[in-house]
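User: Please take a close look at how the helices pack against each other in this model, and at the empty space enclosed among them. I would like one connected account with the residues named.

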Amino acid sequence: MSSRRAAWPLVAVFTAGYLASYLLPTIVGRLSVHLGLTPAQAGLVGSALLLSSASAGFTLAGRVERYGSRTPARVGLVLAAVGYGSAALAGSVPLVVLSVMVGGFGSGAATAVAAAGIAAQRDPHRTSSLGLLTVSATAGALYLTIPHLGGGHRLPFAAVALVALLVWPATTRLNGPTAPEESASRITGRLPHRRSGLVLAGGMLVWSMAQNALWGVSSRIGVVQVGLSEVTVGAVFAAALGAGLLGVMGAGMLGARVGRAVPIGLGTVVIAGSIVVSSSARDLGSFATGEILWNTVYPVVLSYLIGLAASLDVRGRWAVLAGSASSVGVACGPLLGSVLSEEAGYPAMGLILGAATLLVAAPVTAVALHTGGRPLVPGSVRRRGGAPAALLAATTGSLSGAVPKLGSPEQAVTELRVRRRRLVRSAIRTAGPDGGPGQSNAYASTSDR
């Protein structure tokens with residue numbers, strides 16, 4: 001997958017894949033009101049949607065390069081349009097559940113393609129920030145309009161299906177299938193940074209579960225506990241997502257200037273506090289404060305987590321696997337939030353979720369610190385400032401494209417196996433006082449796998 005391709009098709013597919021989870025509060029709320037489901041049952045339907053989405057990510061992990069981006073993205077968008085469109089037309093609960101699972105699988109496929117493509121970009125963090133910016137803007141506009149249009153449970157599903165159809169033309173700019181020889185050469189090799197990747201994937205699962213447990217019941221907190229109307233709650237969500245746009249833009253401008261550990265660690269602490277404030281709200285002011293603060297920081301931390309996962313493997317395998325683990329947590333969130341709120345009440349639910357968020361902050365921040373001082377992709381070399389300064393590859397021929405542009409945080413490189421370490425030592429020499437004019441300084445680095 002070429003990292004030189006335009007990022008906007010990936011951003012469009014990312015938006016179509018993520019939109020259903022952003023609209024989850026209104027989907028769960030309307031399923032409960034208009035189909036006669038209990039809050040726990042409605043949360044279970046939302047969990048089925050997101051679990052189906054996660055299964056698509058696990059299915060496509062490591063396979064996007066083989067199939068190309070275009071075909072899986074188109075299949076995912078078709079499934080999303082058909083599934084969510086059928087859910088909008090269905091009037092019985094079994095048909096809605098089945099349609100939601102089909103649409104969720106399509107959303108997950110689109111998200112997996114976007115994640116793999118983002119990992120291959122020169123600056124994954126910037127591209128993921130742009131994707132979050134777009135999906136937040138789209139969801140914010142829908143939260144402003146859907147409460148005024150009625151339509152029961154049909155309207156949110158119809159909106160997601162329509163966005164999937166509108167994104168379809170962007171798939172013409174994505175990569176097609178690779179040649180069998182090229183695909184085999186690029187896919188071989190062990191998954192890099194396995195320990196860091198597993199810790200990050202597990203942390204993102206718990207982190208996302210806590211976030212979506214609150215997000216899945218936020219609408220009911222506003223309506224039941226605070227006593228707001230659906231229109232007012234929708235306006236609060238739109239304002240919160242608008243604040244999220246500012247947060248994502250700030251994260252995009254900040255980039256890697258302070259590394260990833262500080263935004264992830266400090267941001268997660270702020271998120272934990274805002275969860276407690278929102279879940280214990282008794283008036284419009286405290287509810288809006290908690291939701292706006294939470295939605296401002298949440299996409300910022302998420303953009304750095306996506307960028308961190310992408311940096312662990314330029315082929316996008318960790319980006320897809322960590323994203324799918326996050327989707328599992330997201331899938332469990334609505335059910336967990338519904339059960340906790342029914343059994344313990346909203347304030348106690350907030351304390352539990354806030355504590356879980358704080359506990360997961362330490363290992364995830366440790367991964368960011370661990371990978372921040374070494375190459376973000378195999379074969380890359382860092383200066384002390386953090387930007388890759390040179391790339392080395394042991395080849396039998398010439399070294400082509402070895403020096404990247406200094407403005408690019410992550411570069412795509414090809415890993416080649418060398419049977420004997422002695423060949424590496426003899427192939428890489430350091431210029432000394434007796435070095436000839438053709439020699440230059442070289443630094444070799446290895447990454448644990």
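Analyst: In this predicted model, helix α10 (residues 194–225) and helix α13 (residues 284–311) pack at an angle of about 155°. An angle over 145° counts as roughly antiparallel, and α10 and α13 are therefore roughly antiparallel to each other. Their axes lie 12 Å apart, and α10 passes α13 in a left-handed crossing. On the α10 side, the contact is formed by L200, M204, W207, Q211, L214, W215, S218, I221 and G222. Facing them from α13 are F287, E291, W294, N295, Y298, V301, L302, L305, L308 and A309. By class, the residues of this contact divide into 14 nonpolar, four polar and one charged.

Both α10 and α13 also take part in enclosing empty space: each supplies at least two residues of the lining of the largest cavity. The model has four cavities of 30 Å³ or more, and the largest cavity holds about 510 Å³ of space. It is lined by 35 residues, and the closest to its centre are Y18, S21, S326, S327 and V330. Besides α10 and α13, the helices that each supply at least two lining residues include α1 (8–22), α3 (39–60), α6 (93–119) and α14 (317–344). The largest share of the lining comes from α14, with seven residues. By class, the lining of the largest cavity has 20 nonpolar and 15 polar residues, and no charged residues.

One of these lining helices, α3, also packs against helix α2 (residues 24–34). The angle between α2 and α3 is about 135°, with their axes 8 Å apart. This angle does not exceed the 145° needed for roughly antiparallel and lies outside the range of 65 to 115° for roughly perpendicular, so α2 and α3 are oblique to each other. Their crossing is right-handed. From α2, the residues L24, V28, L31 and S32 meet P39, A42, G43, V45, G46 and L50 in α3. The contact of α2 with α3 has seven nonpolar, three polar and no charged residues.

A further helix pair is formed by α7 (residues 124–149) and α8 (residues 154–167), whose axes come within 11 Å and cross at roughly 140°. Here α7 passes α8 in a right-handed crossing. The α7 residues in the contact are T138, L142, I146 and L149, and those of α8 are L155, P156, A159 and V163. By class, the contact of α7 with α8 has seven nonpolar residues, one polar residue and no charged residues.

Methods
Residues numbered from 1 in each chain as written. Predicted model: local features only at pLDDT ≥ 70, side-chain atom pairs only at ≥ 80, totals over all residues. Heavy atoms only, no water. Axes fitted to C-alpha atoms, helices over the stretch in contact; angles between N-to-C directions. Helix = DSSP H or I, 4+ residues; strand = E, 2+ residues; numbered from the N terminus. Parallel < 35°, antiparallel > 145°, perpendicular 65-115°, else oblique. Left-handed = near helix turned anticlockwise from the far one by under 90°. Contact = heavy atoms within 4.5 Å. Nonpolar A, V, L, I, M, F, W, Y, C, P; charged D, E, K, R; others polar. 1 Å grid on protein atoms, 1.4 Å probe; cavity = no way out; pocket = protein on both sides within 12 Å on 5 of 7 lines; lining within 4 Å. Points joined across faces, edges and corners; volume = space filled by probe spheres on them.
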